[in-house]
Amino acid sequence: MTSEEILKRLQDQFGEAILGTDDSSLNLTVKVASETLLEISRFCRDDSSLSFDLLSLVSGVDWTDRIESVIHLDSTAHKHHLVLKVDCDHESPRCPSVVEIWNAADWHERETYDMFGIIYEGHPNLVRILCAEDWEGYPLRKDYLMPDEYHGIPNDFQQAGKRPQKYNPRG
Amino acid sequence: MGEATNVTEVPLPQGGTVAVKPGDFRTEEMLLNIGPQHPSTHGVLRVVVRTDGEIILDSQVHIGYLHRCFEKVVENVTWTQVTPYTDRMDYLASMYNNLGYSLAVEKLGDVEVPERASYIRIIIGELQRIASHLMSVGTYGLDVGAITAFLYCFRDREITLRIFEEVCGQRLNYNYIRPGGVSGDLTDEMLKKIDDFIDYFLPKIDEIDNLLSMNGIFIYRTAGVGILPLDLALDYGCTGPVLRGSGLARDLRKDEPYGLYEQFDFDVITGKGEKGQLGDCWDRYMIRVREMRESCKIIKQALAKIPEGKFIEPKLLKNVKVKKGESYLKVENPRGELGYYIVSDGKKGPYRCSVRAPSFCNIAVLPEISRGCMVADMVVIIGSIDIVMGEVDR
Amino acid sequence: MTMASMYFDYANVAVFFVFAVVFVILNISVISVILRPTVENDQKDTTYECGEPSVGSSWVRFDMRFYTVALVFLIFDVEVAFLYPWAVVFKDLRGAIGGSATGVFVFLEAAIFLLILFVGLIYVWKRGDLDWVKSSSAQEVDARQRQMIEAKDEVRL
Amino acid sequence: MIFGGTMLSNGLVFARYSLAEWIQGLLGDRLEMIPEWILFPLLMLAGCLVIIGFITVFALFAIWMERKVSAHMQCRLGPMEVGFHGALQTIADGVKLLGKEDIVPRHADKLLHYLAPIIVFAGVFPLFVVVPFSEKILISDINLGLFFVAAVGAVEVVGVIMAGWASNNKWSLFGAMRAATQLVSYEIPLGLAFLTIILLAGSFSMVDIIHQQEGWLSNWFLFHNPFMPIIFLSFFTASLAECKRAPFDLPEAESELVSGFHTEYSGMKFSIFFLAEYAAMYVVCAIAAVMFLGGWSTGIKPLEAWLADSAGNPMREVLSNTVHLVVIVTKSMFLVFVQMWLRWTLPRIRLDQIMHVCLKVLLPWTMVAMVATSAIELCWPGGNMVLTALTIVIWSIPLLWTLKAILDMTVGIFLKFVPSGR
């Protein structure tokens, strides 16, 4: 199916719940409301013309005013992709978990929680995966600052008086 | 026999209860750390297993020992400065990490790649696949105790590494494939060497087959162990040899060709359950051995028709202009689908670069397929999934 | 061969045993102690468990899962022990009579004994007692796994 | 005779074959001055020292050989720096191990942890009492030789289990339990193989068994009848398991159990385990050589007869003993080489599979072969030329096939194309 057909199929099925598409993305990107994410996901997987059976990646993007939870889906049968995006609040990001639909989301959601602090509601075991369990803060957020020390291990970079953000390539 | 009379519920220390029949005495369960410092966890994987005797009842994977904040670091560098960081992820297939990233950036930045560069990428990429599979096959031999097979594989891998060294000066972290092309040309002499290597290597695959793949004890150890059904593999997002081992012919080089792969003739190898059941460790292992032959086939074809021309626009070596937007692109890494999700805000470097690491997804299925097997099988199963911890932890 | 030489032989064994013990003790506790360094370190004395702190003791009721096999082993080992005297005199008995009826009788006696055991082995084999028995909790795990896979199948279909 | 006066007067007669007698021969009448209660222990101690020297030299050589064999099988050179082609590497390693710190885990059972290497070594060392080197060079010819080997050979496992349990380490525990499981599996085929040889020889004594096989090569028990190679293979397989050599190195499986039962051992204690392992390797190979390959017999009848004819010719006797020593050590070393060869070729088998192999493959076959051998011995006392010829013909087929494979792998490699990229 082409991107237009997938979009049409989804819009026919869910109408208002599809909030829109993201034109800056080179893949078909569909923004959905967080309440309908589970329903849409299940439809994406089970509908025979879509059959997105392979969850490729769950990731997050911090846009400083909001945090996006991004789900990349693949279909092994039809060989097409879909990107689902859910906007989350920046202060206390929450998003429904799709683990019950694709088990693959388990670790990806844990990682996104670890890095962005998005609470995936309904996730069976939402704990940090890459960082230590008692790590503070969410490293991939744009406003994240390295802690001065961790269990007595000093952050030498900051102690030497050099702030890590001095050189900013996007300035 | 078999009638459950007087079944009592006994609480377990980890919660829940279990039914105990009369005459069925229960031994103590043990929590055991396999890894991070273990010879067969291929780096610093830690698996906490709950065992009853030698039988594994449950396992839990802990990762993060090698976490180097790739995704945070690359937010502070320019587009071309990212490639050396990608090298360090899957350090056994660094070329592919470069390739995946370069393709994603090229797609977003509308960068034209010279045709010669595309051919070089395919030759070097497939050579990298051979090197990576040799590593995987060899260390798998090591896991089951066949040390000689490991050294045979390393002998041949050494030749590929020398070729890489000649091509880009590095043996492990190449930083060779850049957005827009490759960082250096392949001379005719190098192409000849690669051709010679393929001629030399094809009979060596038979040697590996003789020594390891068809060895009775090896089949005894791996066939019918760690069976991964296809639906479970898809459910856990497994890709690459792990998914193909379960019988699905999904290979991005065929399904969604990138580079110039649609011009090449090769087969997608799938598991057939010849020695045990479909999706067992032997199937997953054998796919790698057979894929090496297919890679040789592709390299031969590419060597035959590589055109003359530029290998990169020199100004692209400094930096690439990328417009605002985002792209997600996957390549078929030796371990599975390596995906790069790149978000650009139109500045000099990526706003966000997220990686779908194939080993990260593949290893998540370990607790499912290792349940009920023995400690010795655990090692065999971990080896058959073929993880690289640098990529799992990034 | 007399009793005296036998004493010498077995005294030899005893001396060898004592020598082995002394040799090892000498090596471990004398020579090595003189040569090796001893640097106390708290971390050094921890139990190795792949770099993670060990959870619990390893002195547990360990499930070896070969109880039936151990019984089979016992039976056959005793059988072999019974047959040693027979084996050592077999040649004499056969030789003395020159392969006559006595020899045949001696052979048949042991052959029948072995046959009975062999039938026993086949019985145990057919019953599946020689197979590696999975513990009951492992069997439950297996069953749960099967159920899970089947459940997934149903969802898919 | 030499020692005659004292000995006969006390009613003591030494075994005909003993190192002690040989030493007496060397020292002659001067020995009579030493009282027996000092002399006998001294003689025995001399035997111990000879054997410990032999074990050490053998272990040094075998470890070097193992490294070189494995290296050349794996297209590499192995140790090259210390001495000629790394010949002194093992000594360097030994010195290093001697200077290594002895670490005992805090939670271990210290006493058992200390006792385990002692028991392992003490379980192997006395076996050398019965291992013959030549007619005169042996410690003593115990009349229960093979039975003694079967009995004492299993003691080592106690030490292994003790080591694994005492360490209070889970990997060690697994190793120990695997050792127990393995013992239960391999002991029966081993015992049945001993039984067959005893049946053929009519004696437990090592020297008797070798004498039964003197003469032509066809007298070796291996060629007695077509079933004997089965017994040999099953004995060899079980003996691999007994010395914990690959593919049966489950108790120490380094890729699975890190280091198995000796995970928590370091320094000298570890090297004692190592020494015991290599000593056991020699013992089982020497015993296999005695049982199946004619011991010190060269297999050439006229040569044997010439060597045996040493009446009034002391040099001939020295020559005879030297030849026999070389022959039996060569045979044993060949089997040791085969053990190494297998180790570097085969993957490791799993715990339940070793049980399967021993109980469902080796045990029935060995039992059938044993009964068949006894029936053949009943019908044709002392063997039969036709059966021997049949054995050689039948078993030469797999042997030639193996040889062809070896030639393909060795000579064939040189004929293959070598790329310029290397």
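Colleague: In this predicted model, how many residues does the contact take from chain C, and how many from chain D?

Modeller: The contact takes 76 residues from chain C and 94 residues from chain D. A residue count becomes easier to read beside the area, and here the two chains bury about 7,600 Å² between them, with carbon and sulfur atoms giving 76% of that area. On the side of chain C, the residues that lose the most area to chain D are C:F16, C:W59 and C:Y84, which together make up 11% of what that side buries.

Colleague: Which charged and polar pairs does one find between chain C and chain D?

Modeller: The general idea is that side chains of opposite charge can pair when their charged atoms come close. Between chain C and chain D the count is 3 salt bridges, and one of the pairs is D:R106 with C:D42, whose closest N and O atoms are 3.1 Å apart. Polar contacts across this interface come to 8 residue pairs, both residues being at pLDDT 80 or more.

Colleague: Which helices of chain C supply the side that touches chain D, and how do its residues divide by character?

Modeller: Helices α1 (3-35), α2 (67-97) and α3 (101-127) of chain C each supply at least two residues of that side, and the largest share, 24 residues, comes from α1(C). By character, the residues of chain C that touch chain D divide into 50 nonpolar, 15 polar and 11 charged.

Colleague: How should I read the interface of chain B and chain A, beginning with how many residues are in contact?

Modeller: One can take the same steps again. In contact are 48 residues of chain B and 46 residues of chain A, and the two chains bury about 4,000 Å² between them, 55% of it on carbon and sulfur atoms. Within chain B, the greatest losses of area to chain A fall on B:K72, B:E326 and B:Y351, together 16% of what that side buries.

Colleague: How many salt bridges and polar contacts are there between chain B and chain A, and which strand of chain B gives the largest share of its side?

Modeller: The count is 5 salt bridges, among them the one that B:E75 forms with A:K142, where the closest N and O atoms are 3.0 Å apart. The rule also finds 16 residue pairs in polar contact across this interface, both residues at pLDDT 80 or more. Strand β8 (residues 325-333) of chain B provides the largest share of the side that touches chain A, with 5 residues, and the residues of that side divide into 19 nonpolar, 10 polar and 19 charged.

Colleague: What does the domain assignment give for chain A?

Modeller: The assignment gives domain 1 (3-131) and domain 2 (141-171), and the C-alpha centres of these two domains of chain A lie 32 Å apart.

Colleague: How many salt bridges does the structure hold over all chains, and which parts of chain A does the pair of A:R94 and A:E121 tie together?

Modeller: Over all chains the structure holds 69 salt bridges. A:R94 and A:E121 meet through their side chains at 2.6 Å, N to O. Because A:R94 lies in strand β6 (residues 94-96) of chain A and A:E121 in strand β7 (residues 119-121), the pair ties together parts that are 27 residues apart in sequence. As for accessibility, A:R94 counts as partly exposed at 43%, and A:E121 is partly exposed at 39%.

Colleague: Are B:D386 and B:R288 buried or exposed?

Modeller: B:D386 is buried, with a relative accessible area of 3%, and B:R288 is buried too, at 2%; the cut-off that justifies the word is under 20% relative accessible area. These residues form a salt bridge whose closest N and O atoms are 3.7 Å apart.

Colleague: Where in chain D do D:R348 and D:E256 lie?

Modeller: Their side chains meet in a salt bridge at 3.5 Å, N to O. D:R348 lies in the loop between α13 (314-343) and α14 (351-379) of chain D, and D:E256 in the loop between α10 (228-242) and α11 (267-292), so the pair ties together parts that are 92 residues apart in sequence. D:R348 counts as buried at 2% relative accessibility, as does D:E256 at 1%.

Colleague: Which residues do salt bridges that share partners join into one network?

Modeller: The network joins A:K31, A:D65, A:R66, A:E68, A:K85, A:D87 and B:E326.

Definitions and conventions: Residues are numbered from 1 along each chain as its sequence is written. Chains are lettered from A and ligands numbered from 1 in the order in which they are written. This is a predicted model: local features need pLDDT of at least 70, side-chain atom pairs count only at pLDDT 80 or more; totals for chains, interfaces and linings use all residues. Side-chain values use heavy atoms; hydrogens and water are left out. Contact means heavy atoms within 4.5 Å. Buried area is the accessible area (1.4 Å probe) that two parts lose on being put together, summed over both. A salt bridge is a side-chain nitrogen of Lys or Arg within 4 Å of a carboxyl oxygen of Asp or Glu. A polar contact is a pair of N or O atoms within 3.5 Å; within protein, one must be able to donate a hydrogen and the other to accept it, and residues adjacent in sequence count only if both atoms are side-chain atoms. Helices (H or I, at least four residues) and strands (E, at least two) are DSSP runs, numbered from the N terminus. Ala, Val, Leu, Ile, Met, Phe, Trp, Tyr, Cys and Pro count as nonpolar, Asp, Glu, Lys and Arg as charged, and the others, Gly among them, as polar. Domain bounds come from an automatic or database domain assignment. Buried means under 20% relative accessible area, exposed over 50%, partly exposed in between (1.4 Å probe, protein chains only).
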